[in-house]
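User: Could you take a close look at the largest cavity in this one and tell me what surrounds it?

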Amino acid sequence: FLDGASVVGSVGLDVGQQQIVYQLADAVNPGDLWTRQMDGGRVRRLTRVNGNLLRARALSSPEEVWFKGPDGNDLQGWILKPPDFDAGLRYPAILEIHGGPQMQYGNLFMFEFQYLAANGYVVFYTNPRGSQGYGNAHVDAIVGDFAAIAHADLVAWTDRVADLPYIDADRLGVTGGSYGGYMTNWIIGHTNRFKAAVTQRSLSNLVSMNGTSDFNWIFQFWQNDVAPWDDFDGYWRQSPLKYVKDVRTPTMIIHSESDLRVAIEQGEQLFVALKRLGIETELIRFPDESHGLSRGGRTDRRVNRLHHILRWFDTHLK
């Protein structure tokens, strides 16, 4: 059905049910409408919504990599280089971690990744265990062990990328949102190899989150469907806040004040702890915005968010 590495969305049929209309996107195009004859015949592109804009921009296509995880498990990752990449240079690099956790990265346009790459960073990302798309064993591996399994896969990916000749292993950053923010918080509590972190709409305390999130039922499922009052030690063991005394990484916290999925108290707890421990930190609060700020927030705030992320990484990695 598809030619090349791309993603299909919003599929529909014409009145006569003779052709499919769909949105097609890839890593260098946010998406356009296409049609295809039901008999497998002619494919036709209907729109070029961002044509003029894209022609005026230098974008990068990611390199796909398959590698072995720590348990011999197969993992898929991507490396996005700066548009003016020079193999003779050594670049700072940023690990991006997706949310969910039952979601996945793929061949889709990512504004944040392209923005960071355009500003001189190698961006690398993968689908660790807990992600969708690779079978039930892969996605269910984190049930009852919400962080450690995914962390092991992310460490293996970081090790592989850090060994590349064009990567400066002394200038690594890490960021992610939602579950990706949770894993960012976990990582900085378990290693000092990353010189800067930006944690976005992140979980820090699984105990208090159970009482403040509109999604607490599914997070309880990932804890073997046991409530925190029946397994306080288990919830706390898997909470990044338990390990905050070991954090040394300068960390920016970005959170929306109207986030019902991960309430802002999660970011506030981490911010207060880092402040009291003397770790360099900032808390960027966005009024009125929801958990989906990066995708559906007010345009000026979405742009401002990207500027804050770049500023933090430029300060600590360049």
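Analyst: A quick definition before we go in: a cavity here is a set of grid points where a 1.4 Å probe fits but cannot get out, and a lining residue has an atom within 4 Å of one of those points. Keep in mind that this is a predicted model.

With that rule, you get 3 cavities of 30 Å³ or more. The largest holds about 80 Å³ of space. Its lining is made up of Phe146, Leu206, Met209, Asn210, Ser213, Asn216, Phe219, Gln220, Gln223 and Tyr235. Two elements, helix H6 (206–209) and helix H7 (216–221), each give two or more residues to that lining, and H7 has the largest share, with 3 residues. As for chemistry, the lining splits into 5 nonpolar and 5 polar residues, with no charged ones.

Now look at the aromatic side of the wall. Phe146 and Phe219 both line the cavity, and both also belong to an aromatic cluster with Tyr179, Tyr182, Trp186, Phe215, Trp217, Trp222 and Tyr243. The structure holds 21 aromatic pairs. In one of them, the ring centres of Phe219 and Trp222 are 5.3 Å apart and the planes sit at 75°, so the pair is edge-to-face. Phe219 and Trp222 are both buried.

Follow the cluster a bit further and you reach Phe215, where the charged end of Arg261 sits over the ring, 4.1 Å from its centre. Tyr179, Tyr182 and Trp186, also in the cluster, are among the buried residues of helix H5. In fact 10 of the 10 residues of H5 (179–188) are buried, so this helix is largely enclosed by the rest of the structure.

Terms used
Residues are numbered from 1 along each chain as its sequence is written. This is a predicted model: local features need pLDDT of at least 70, side-chain atom pairs count only at pLDDT 80 or more; totals for chains, interfaces and linings use all residues. Side-chain values use heavy atoms; hydrogens and water are left out. Rings of Phe, Tyr and Trp (its six-membered ring) pair if their centres lie within 6.5 Å; planes under 30 degrees apart count as stacked, over 60 as edge-to-face and the rest as tilted. Buried means under 20% relative accessible area, exposed over 50%, partly exposed in between (1.4 Å probe, protein chains only). A charge sits over a ring if NZ of Lys or CZ of Arg is within 6 Å of the ring centre and within 35 degrees of the ring normal. Helices (H or I, at least four residues) and strands (E, at least two) are DSSP runs, numbered from the N terminus. On a 1 Å grid over the protein atoms alone, a cavity is a set of points where a 1.4 Å probe fits but cannot get out, and a pocket is an open set with protein on both sides within 12 Å along at least five of seven lines; lining residues have an atom within 4 Å of a point. Grid points are joined across faces, edges and corners, and a volume is the space filled by probe spheres set on the points. Ala, Val, Leu, Ile, Met, Phe, Trp, Tyr, Cys and Pro count as nonpolar, Asp, Glu, Lys and Arg as charged, and the others, Gly among them, as polar.
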